[in-house]
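Me: Could you take a close look at one part of this model for me, namely how the segments pack against each other? I'd like the packing angles and the residues that do the touching, and a few words on the surroundings.

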Amino acid sequence: MANLSIWRVPDLSARWWPVFLRNLLVWRKLAIPSLVGNIAEPLMWLVAFGYGMGALVGHVTVAGAQIPYILFLASGSVCMSAMNAASFEALYSAFSRMHVQRTWDGIMNAPVNLDNIVLAEMLWAAFKALFSVTAILLVILALNISHSPKLLVAWPVLLGTGITFSCIALIFNALAQGYDFFTYYFTLFLTPMMFLSGVFFPREQLPGLVHTLSSLLPLTHAVELVRPLFMGQWPAQPLLHAGVLAAYTLVTFWIALALTRRRFQG
């Protein structure tokens with residue numbers, strides 16, 4: 001019966017907000033170094049591949065239109081950045097607060113339950129991802145890679161991407177016994193996803209079975225939503241892609257919450 005109880009309906013309330021605010025106040029002291037760390041890698045990808053390989057590739061075909069490779073890469077890189085920033089926060093930082101520093105134990109001495117702590121961690125990781133991608137979007141605008149007004153729509157899509165990947169990462173956070181465990185998640189899950197989701201090259205070039213598998217990946221659907229907006233177009237199947245991301249979010253949050261409850265029961 002105890003094992004079944006971990007799958008009960010989430011007990012959520014507005015008490016997640018003080019936990020979120022606590023994380024914000026702590027992070028505020030390290031905001032600039034954190035920003036530099038989160039945007040440095042995607043900007044290196046953008047400059048090295050966008051301008052370097054872009055000079056060799058020239059243009060790629062997307063939905064029947066020829067676009068510069070750097071535009072193609074920028075639209076995928078910003079999704080990749082949302083994925084990585086949310087994952088890193090929901091893994092390393094959340095694990096530190098949960099297991100190493102025992103911050104969650106202290107919070108639960110107040111009238112805040114575990115469910116609200118997990119919700120706050122998920123939303124905080126998504127906020128960190130949004131903060132990072134906003135900085136990258138500003139660089140993309142400054143470099144005149146894209147100036148589409150539809151980039152304003154990409155902003156909430158990237159927030160949703162951060163939410164999705166923070167939920168997935170919290171599953172591994174609940175299972176981890178140490179920081180080394182996260183290496184498997186990045187190496188076996190996130191890194192292959194970067195190369196199979198259309199970030200660096202069109203998915204149409206993938207073999208049939210691999211192309212089909214890539215259609216199941218959440219990053220693929222984020223890219224399919226964001227890339228047309230960079231091109232000044234609307235996504236072809238927005239409800240499908242948004243629905244897949246929403247389904248991933250709901251299912252993985254429930255699993256993460258159940259596994260975290262089981263961990264604290266032990």
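Reply: Let's get the angle vocabulary out of the way: under 35 degrees is roughly parallel, over 145 roughly antiparallel, 65 to 115 roughly perpendicular, and the rest oblique. Keep in mind that this is a predicted model, where local features need pLDDT of at least 70 and side-chain atom pairs pLDDT 80 or more, while totals for chains, interfaces and linings use all residues. Residues are numbered from 1 along each chain as its sequence is written, and side-chain values use heavy atoms, with hydrogens and water left out.

First, the overall setting. The protein chain has 11 helices and 2 strands (DSSP runs numbered from the N terminus: H or I over at least four residues for helices, E over at least two for strands). Reading from the N terminus, the order is α-α-α-β-β-α-α-α-α-α-α-α-α. The radius of gyration is 19 Å, close to the 18 Å of the globule rule for 266 residues, so the chain is as compact as a globular protein of that length (C-alpha atoms only; the rule is 2.2 Å times the number of residues to the power 0.38). Its C-alpha atoms fill a box of roughly 60 × 40 × 35 Å along the principal axes. Buried residues are 50% of the 266 (buried is under 20% relative accessible area, exposed over 50%, partly exposed in between, with a 1.4 Å probe and protein chains only). Of the contacts with a separation of 6 or more, 77% join residues 24 or more positions apart (contact means heavy atoms within 4.5 Å).

Now the close-up, starting with α8 (residues 181-196) and its partner α4 (69-100). The axes of α4 and α8 come within 12 Å and cross at roughly 170 degrees (axes are fitted to C-alpha atoms over the stretch in contact, and angles run from 0 to 180 degrees between N-to-C directions). The two helices are therefore roughly antiparallel to each other. On the α4 side, Met80, Met83, Asn84, Ser87, Phe88, Leu91, Tyr92 and Phe95 meet Phe182, Tyr185, Phe186, Leu190, Met193 and Met194 of α8. By class that contact has 12 nonpolar, 2 polar and no charged residues (nonpolar is Ala, Val, Leu, Ile, Met, Phe, Trp, Tyr, Cys and Pro; charged is Asp, Glu, Lys and Arg; the others, Gly among them, are polar).

Helix α8 also packs on α7 (residues 151-175), where the axes come within 10 Å and cross at roughly 150 degrees. That makes α7 roughly antiparallel to α8. The crossing of this pair is right-handed (the near helix is turned clockwise from the far one by less than a right angle; anticlockwise would be left-handed). Here Phe165, Ile168, Ala169, Phe172, Asn173 and Leu175 of α7 meet Phe181, Phe182, Tyr185, Phe189, Leu190 and Met193 of α8. The tally for this contact is 11 nonpolar, 1 polar and no charged residues. Notice that Phe182 and Tyr185 turn up in the contact with α7 and in the one with α4.

Helix α7 has a further partner in α10 (residues 218-230), with axes within 9 Å and a crossing at roughly 170 degrees. So α7 is roughly antiparallel to α10. Leu151, Val153, Ala154, Val157, Leu158, Thr161, Thr164, Phe165 and Ile168 of α7 meet Pro218, Leu219, Ala222, Leu225, Val226, Leu229 and Phe230 of α10. Those residues divide into 14 nonpolar, 2 polar and no charged.

A few single residues round this off. Val199 sits in the loop between α8 and α9 (208-214) and is buried, at 0% relative accessible area. Leaving out residues up to four places away in sequence, Val199 touches Phe72, Leu73, Gly76, Ser77, Met80, Met194, Leu219, Val223 and Arg227. Val199 and Thr220 are 21 residues apart in sequence and 8.3 Å apart C-alpha to C-alpha.

Over in α6, Leu130 is buried with a relative accessible area of 10%. With the same neighbour cut of four places, Leu130 touches Trp155 and Leu159. Its C-alpha atom is 9.0 Å from that of Gly160, 30 residues along the chain.

Finally, two loop residues to check in your Ramachandran plot. Arg102, between α4 and α5 (103-107), has a positive phi of about 60 degrees although it is not a glycine, and Arg102 is partly exposed at 47%. Asn144, in the loop between α6 (114-142) and α7, likewise has a positive phi of about 60 degrees without being a glycine; at 52% relative accessibility, Asn144 counts as exposed.
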